[in-house]
Amino acid sequence: VDFTNVNLGGNIVSISGYAFYDTSIKEVILPNTLVSIQKYAFAFSDIETINIPSSVSFIGQYAFFDSCLKEIIFENNSNIFNIEKYAFAKCLNLIEIVLPKSLQELGSSVFEKSGLVKVEFESGFSLSYIPQNAFLGTKVENISLPDSIILIKNNAFRDNMNLQSIQFGKNEIMIMDNAFYNTGLVNVYIGENITYIGEYAF
């Protein structure tokens, strides 16, 4: 089937795995009844923009992997709870994202080798960690972590040569192995709240 725009009406609550896998779809309008987007749903597709309704609480692994996604917008009062591993990895056209405060689980390599330049966290963000490989190989230039982040896992920002600055939150933080290895960081302030620095962290 060759189509570029889809309007999902009705009372759809879930988009199944592989539903739009490797299709020519560029834009989809999701209903406000939707709760989940399952694994590989839009992987390798031509999708360019998507607005995630506040009703969505789950985005499965590889959901948008290696797609043409340029823009993802989470609606106000988002209920997104879990974004699984590799969900947006290798989305080379994805430049920026705002992570909602409702997020409680974030999978490894979720944005690995994507085109991300700018990452922001909604006020009130409460997730306590940056996942392993989360921003590995991206183009993020500056990052300001919310106070809720107390653990930066292995390779979280590794191989990000565009990274110029990192601002840590106020609470105690552990920085694991290779977290900032091979980045563009020149000056880093390590405050008293940094309690652990792993091997090859910088």
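# Pocket, sheets and core

Colleague: By class, which residues make up the lining of the largest pocket, and how many of each?
Modeller: This is a predicted model, in which local features need pLDDT of at least 70, side-chain atom pairs count only at pLDDT 80 or more, and totals for chains, interfaces and linings use all residues. Residues are numbered from 1 along each chain as its sequence is written, and side-chain values use heavy atoms, with hydrogens and water left out. A pocket is an open set of points on a 1 Å grid over the protein atoms alone where a 1.4 Å probe fits, with protein on both sides within 12 Å along at least five of seven lines, and lining residues have an atom within 4 Å of a point. With Ala, Val, Leu, Ile, Met, Phe, Trp, Tyr, Cys and Pro as nonpolar, Asp, Glu, Lys and Arg as charged and the others as polar, the lining has 7 nonpolar, 3 polar and 4 charged residues.

Colleague: Good start! How much space lies in the largest pocket, and which elements give two or more residues to its lining?
Modeller: The space in the largest pocket is about 220 Å³. Of its 14 lining residues, Ile72, Ile73, Phe74, Val98 and Leu99 are the closest to the centre. Strands here are DSSP E runs of at least two residues, numbered from the N terminus, and those giving two or more residues to the lining are strand 7 (71-74) and strand 9 (96-99).

Colleague: Along strand 7, which side chains are buried?
Modeller: Buried means under 20% relative accessible area, exposed over 50% and partly exposed in between, with a 1.4 Å probe and protein chains only. The side chains of strand 7 alternate: Glu71 and Ile73 point to one face and are not buried, while on the other face the buried pair is Ile72 and Phe74.

Colleague: Which residue of strand 5 stands opposite Phe74?
Modeller: Strands pair if DSSP finds at least two bridges between them. Strand 5 and strand 7 have 4 bridges and pair in the parallel sense. Opposite Phe74 in strand 7 stands Ile52.

Colleague: And in strand 11, what is the bridge partner of Glu96?
Modeller: Strand 9 and strand 11 run parallel, joined by 4 bridges. In strand 11, Val119 and Phe121 are buried on one face, while Lys118 and Glu120 point to the other and are not buried. The partner of Glu96 is Lys118.

Colleague: Why do two strands of the open sheet of 4 strands have one side without a neighbour, and which are they?
Modeller: This sheet has parallel pairing in the order 12-14-16-17. Strand 12 is joined to strand 14 by 2 bridges, with Ile130 partnered by Ile152. One side is free because a strand at the edge has a single partner strand, as do strand 12 (129-130) and strand 17 (194-197).

Colleague: Ile152 again! Which residues touch the most other members of the largest nonpolar core?
Modeller: Such a core joins buried Ala, Val, Leu, Ile, Met, Phe, Trp, Tyr and Cys residues through side-chain atoms within 4.5 Å. Strands 5, 7, 9, 11, 12 and 16 each give two or more residues to this core. Of its 59 residues, those touching the most other members are Phe42, Phe64, Phe88 and Ile152.

Colleague: What is the relative accessibility of Asn77?
Modeller: Asn77 lies in the loop between strand 7 and strand 8 (82-83). Although Asn77 is not a glycine, its phi is positive, at about 60°. Asn77 counts as exposed because its relative accessibility is 65%.

Technical notes. Grid points are joined across faces, edges and corners, and a volume is the space filled by probe spheres set on the points.
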